[in-house]
Every structure is written in C-alpha cells, then in structure tokens.
Amino acid sequence: MPTYAYACTSCAHAFDAVQSFSDDALTVCPECAGALRKQYGSIGVTFNGSGFYRTDSRSGAGATSSTSASSKSESSTSAKPAAATTSSS
C-alpha cells in the first residue's frame with residue numbers, strides 16, 4: 001500500500017498516511033481540523049547504472065543503431081580508399 005504525505009493549510013502540521021489506491025484522500029487535519037493538502041514529492045523509483053535508454057527493451061532497436069553506425073563508417077572509409085587509389089597511381 002502506498003504512503004501519502006499530507007500537510008495542513010492552517011497549522012502546517014505534516015504527516016504521512018498509508019492508504020489504499022481506492023481510499024479517498026484525507027481532507028481534515030487530525031491536529032486542528034483544518035483543511036489538508038496532499039504533498040507530492042519525487043518519485044520512488046531511481047535508475048542507477050551506466051545508462052538506461054528508451055530503446056533498451058526493444059528488440060529491433062539495436063539493429064537500427066548498428067546499421068546507422070556502419071553506414072557512417074562506410075562513408076568515411078569509402079573516401080579514404082579513393083584518396084589512396086589516387087596517391088598510389
């Protein structure tokens with residue numbers, strides 16, 4: 001069950017409440033009976049490591065990126081042999 005953070009708009013009392021997804025949000029402060037506001041913080045998921053990319057889970061994405069990389073290397077290598085052929089003649 002998720003934990004939600006609440007803060008009172010009247011007395012600034014802050015607390016956490018464990019609630020189900022289907023439960024209604026709390027609206028009354030337990031300290032002063034003032035109005036509550038749900039607090040939103042950072043997400044609870046962090047990705048640590050060398051890198052996570054949008055295409056990591058796709059099977060065809062690796063072939064596309066390697067094809068574009070090989071076409072770049074072919075274009076650069078095709079220019080070199082032409083220069084080598086010209087200099088050796």
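**Exercise 1.** Among contacts in the protein between residues at least 6 apart in sequence, what percentage join residues at least 24 apart?

Solution. The model is a predicted one.
- Step 1: take the contacts whose partners are at least 6 apart in sequence; 29% of these join residues at least 24 apart.
- Step 2: set this beside the element order, which runs β-β-β-α from the N terminus. The protein has three strands and one helix.

**Exercise 2.** Determine whether Pro30 is buried or exposed, and place it in the fold.

Solution.
- Step 1: find the element. Pro30 sits in the loop that links β2 (14-18) to β3 (36-39).
- Step 2: apply the cut-off. A residue counts as exposed over 50% relative accessible area. Pro30 has 56%, so Pro30 is exposed.
- Step 3: list its contacts beyond the neighbours within four places in sequence. These are His13 and Phe15.
- Step 4: compare sequence and space for one of these pairs. His13 and Pro30 are 17 residues apart in sequence, with a C-alpha to C-alpha separation of 8.9 Å.

**Exercise 3.** Identify the residues of the largest nonpolar core and the elements that supply two or more of them.

Solution.
- Step 1: name the members. The six residues are Tyr6, Cys8, Phe15, Ala17, Cys29 and Leu36.
- Step 2: assign elements. Two or more of these residues come from each of β1 (3-8) and β2.
- Step 3: follow one member. Cys8, neighbours within four places in sequence aside, is in contact with residues including Cys29, Leu36 and His13.
- Step 4: consider the whole chain. Of the 89 residues, 11% count as buried.

Notes:
Residues are numbered from 1 along each chain as its sequence is written. This is a predicted model: local features need pLDDT of at least 70, side-chain atom pairs count only at pLDDT 80 or more; totals for chains, interfaces and linings use all residues. Side-chain values use heavy atoms; hydrogens and water are left out. Helices (H or I, at least four residues) and strands (E, at least two) are DSSP runs, numbered from the N terminus. Buried means under 20% relative accessible area, exposed over 50%, partly exposed in between (1.4 Å probe, protein chains only). Contact means heavy atoms within 4.5 Å. A nonpolar core is a set of buried Ala, Val, Leu, Ile, Met, Phe, Trp, Tyr and Cys residues joined through side-chain atoms within 4.5 Å.
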